[in-house]
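Please work through the following exercises on charged side chains with the structure open beside you, and try each task before reading its solution.

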Amino acid sequence: MQGAINRAFVQGAAAVSSALALVLSVGPAQAADGTRSTVNMAPGVTAVGQSIYDLHMIILWICVVIGIAVFAVMFYSIIYHRKSRGVVPAQFHESTKVEIAWTVVPFLILIGMAVPATSTLLEIYDFEDAEMDILVTGYQWKWKYEYLTEDGENVTFFSNLKTPQSEIYNSADKNENYLLEVDEPLVIPVNTKVRFLVTANDVIHAWWVPELAVKKDAVPGFINETWTLATEEGIYRGQCAELCGKDHGFMPIVVKVVSQEEYAQWQGEKQQEAAQVRELMAQTFTMDELMERGKAVYARACLACHGANGEGGVGNAIAGSPVATGELGQHLNIGINGVAGSAMQAFGGQINDVEMAAVITYQRNAFGNNMGDMVQPIDVFNYKKG
Amino acid sequence: MAHGPAKGISRWLFTTNHKDIGTMYLWFSFAMFILGGAFAMIIRAELFQPGMQLVEPAFFNQMTTLHGLVMVFGAIMPSFVGLANWLIPMMIGAPDMALPRMNNWSFWILPPAFLMLASTLFMEGGAPAFGWTFYAPLSTTYAAPSVTFFIFAIHILGLSSIMGSINIIATVMNMRAPGMSYMKMPLFVWTWLITAFLLVAVMPVLAGAVTMMLMDIHFGTSFFSAAGGGDPVLFQHIFWFFGHPEVYIIILPAFGVVSQIIPAFSRKPLFGYDSMVYATAAIAFLSFIVWAHHMYTVGMPVAGELFFMYATMLIAVPTGVKVFNWVSTMWRGALSFETPMLFCIGFLVLFTIGGFTGLMLSIAPADFQYHDSYFVVAHFHYVMVAGAVFSMSAAVYYWLPKWCGKMYNETMGKTHFWISFVGFNITFFPQHFVGLAGMPRRIPDYALQFADFNMMSSIGAFIYGGSQILFLYNVVATIVAGKPVSDDKVWDGAEGLEWTVATPAPYHTFEVPPTIDPAHAHS
């Protein structure tokens, strides 16, 4: 029994170290089909990412070698220096020379590690010569991207989780990008040094895209900078990395790296869209139009907290609520400015005036509220103006 | 002169006896270990498959938060205080702790504090849900009202720890038997002495942090809010100035335990006693100047990153010295593998792996990928569970016969070890992979490519959790109906004054100080 247990121990511990070695051998980064490895860090598509990956592997291997040496000595003892073999224990218990040796040698190894680590770190901290700036703002629980330009005509949009509740709550099959898909990805051009200015609106978030080798905390009230230079077109997915409340696990990041031409075209379309929205602002809508638009906005912005049928959840019920069936000004106020100290955010800056008008109208006339009144974009605009 | 314990409940309520108080600490910490473990089981059950099945995200966050808080402050820390209470007076030849009545208080304020913390689960808005690191402003402006109770609980825990530490420092400095110089103290006493200084230094810092939170929440200050001129990152600096020494507070007594047990079952003195003491002191010193390695991605200037990276890497040196010394102690010994030794070898193997991942995490540029991923979760469970909890299990098996005069069931003990060892590795080894592959920590649901390893992890967690029931059963069965042990020295290789008193250890020991053989180096 005793012998069996001891042999099992040797095997068990050997299994742990061989598992580590196994991982390293399958580790090398990219699996054959080009998808990301499920057991190791992604070198990604940036020079910095490659440096980090190389550093990671060097240090891992150094650790493995030291580990094998230490465990070899230990298991030699466990196998050969055991009482059951009738050995007489030695009584030596100190050696200054040995102590100095295993203080100095590891120190030298550390210096060897510190050199490449320092140069990679300096590379990461080189913010110079960025060709474009994007302001990234973390919200509970979505990201806002703003392309900063000199003329102030910035393209701005929010990027929300696209995975439907039905997939999360298991009533529908999960698609392959489950939880890693958004309604509107960030688009950046390939081979361009893009600087990200990272901040947050409420609590601390962290913007992490492994394959772009970027992770930076988004701190409310402060602006951090980081950058990337992607060398391959593609779609890269990441997630918020800092616990930020209830839906921390549900605010993914998707970055589309496209060719320069495609990027220019996309920018043009976004500018045009913005112009269209400005045009829409001046329009007057019919009830049906407002309800149709409002339903879509509701699904995107309100549903998660207030329920698909306005029944409430994290947020209060909309159906029959004193706000949605009460005075219009108060309803607009809450929609635009939120409720301080609660989960109800200020949506005034998150959705445009057309969307706000539509969703308020929708809330007042759906779910059996039937107030019969309408809000036009101009009303929202005027309300904001005061 | 010699009198026994009081009868009934008053024995426990009013006791000033270090053994009784030690026993209460140990049972309390085990109860918290089970509670914190139950939270972990809920976490792993939810993460068994992608999709939300059992709990809501908000409750999931409460579970991760309470799991961390209860394990760190309720299970691990009090368990080592219990061990210190039982063993330090017996190891240094003292009749009791220096401040026995304060000792009673430092224990008895703990249960109400944890009761209060656990009661937040039933409050409106739920329990704290901001992680055990409670970063502002998630833990201030955006927290549920129960945060105020959390703050009060933390204050009481801190108070308890500070009182316990003062007691240990006073005992070790003043109550050693004549002839027991510092460099003759058992290593467990040394590691606890250094730990106690760390606690006295950093617990007030934690109290400061939660007090500032309280002010921000209720009294209109803006310590951690940029809108009022404060800084959310300030919170992290303060927290980790406490938090990094805190992890050494947890692991140093574990080092002490292992340094007692490995020589006993190697039948050979500890190799490099002096260097072990110096290495412990070096680790304690370094622990004060490395806190920001938890904050590499927070936006520090590059000079700060470099300083904290170099300082953190340095910790590998004294930690390496310790591992080398333990292995050298085993080298050419006459080893046997009773349960305490198995847990110590398990500690040595797994703690070394945790140390390596710690070294990897210290590399700031690589940490930009590791940070806040499951790689970190794997790392700190290798050092906290395989480090602190394994060594604590070793300690219980090793000293239990001395405490209660009965021998535990060896086969059951070994079974407990093997199930724990296998379960632990199935749980946490795959977490390295999902972390490197990009899975963030503290998420209630995950993308499909992480599914296989998460399922494996959950199965391992249930195995590891279940093995603790066996532990509980073994300990209770030993106390109730174990085979009596009559030798003072339970283990043939054991060294130290605690093995010179009768078995089971009488209610009062060393009423007359023992004589220390001046020729004998240390135990």
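**Exercise 1.** In this predicted model, determine whether A:Lys384 is buried, partly exposed or exposed, and then find its salt-bridge partner.

*Solution.* The relative accessible area of A:Lys384 is 38%, and since the partly exposed class runs between 20% and 50%, A:Lys384 is partly exposed. Its partner in a salt bridge is A:Asp353, with 2.7 Å between the closest N and O atoms. The two residues belong to distant parts of the chain, A:Asp353 being in helix α9 (residues 353-365) and A:Lys384 in helix α10 (residues 377-385) of chain A, 31 residues apart. A:Asp353, at 5% relative accessibility, counts as buried.

**Exercise 2.** Classify both members of the salt bridge between B:Asp20 and B:Arg11 by their accessibility.

*Solution.* The closest N and O atoms of this pair are 2.7 Å apart. B:Asp20 has a relative accessible area of 2% and is therefore buried, whereas B:Arg11 reaches 23% and counts as partly exposed.

**Exercise 3.** Describe where the partners of the salt bridge between B:Arg441 and B:Asp372 lie.

*Solution.* The N to O distance is 3.7 Å. B:Arg441 sits in the loop between α15 (410-436) and α16 (451-481) of chain B, and B:Asp372 in the loop between α13 (364-370) and α14 (374-404), so the pair ties together parts that are 69 residues apart in sequence. Both B:Arg441 and B:Asp372 are buried.

**Exercise 4.** Which residues form a negative surface patch with A:Asp126?

*Solution.* The patch consists of A:Asp126, A:Glu128, A:Asp129 and A:Glu131. A:Asp126 is located in the loop between α3 (96-124) and β1 (132-139) of chain A, and its relative accessible area of 36% makes it partly exposed.

Definitions and conventions: Residues numbered from 1 in each chain as written. Chains lettered and ligands numbered in written order. Predicted model: local features only at pLDDT ≥ 70, side-chain atom pairs only at ≥ 80, totals over all residues. Heavy atoms only, no water. Patch = residues over 30% accessible without salt bridge, like charges linked within 9 Å, V, L, I, M, F, W, Y side chains within 5 Å. Areas by Shrake-Rupley, 256 points an atom, 1.4 Å probe, with all protein chains shown as cover. Salt bridge = Lys/Arg side-chain N within 4 Å of Asp/Glu carboxyl O. Lys, Arg positive; Asp, Glu negative; His and termini not counted. Charge placed at Lys NZ, Arg CZ, Asp CG, Glu CD. Helix = DSSP H or I, 4+ residues; strand = E, 2+ residues; numbered from the N terminus. Buried < 20%, exposed > 50% of the residue type's maximum accessible area, 1.4 Å probe, protein only.
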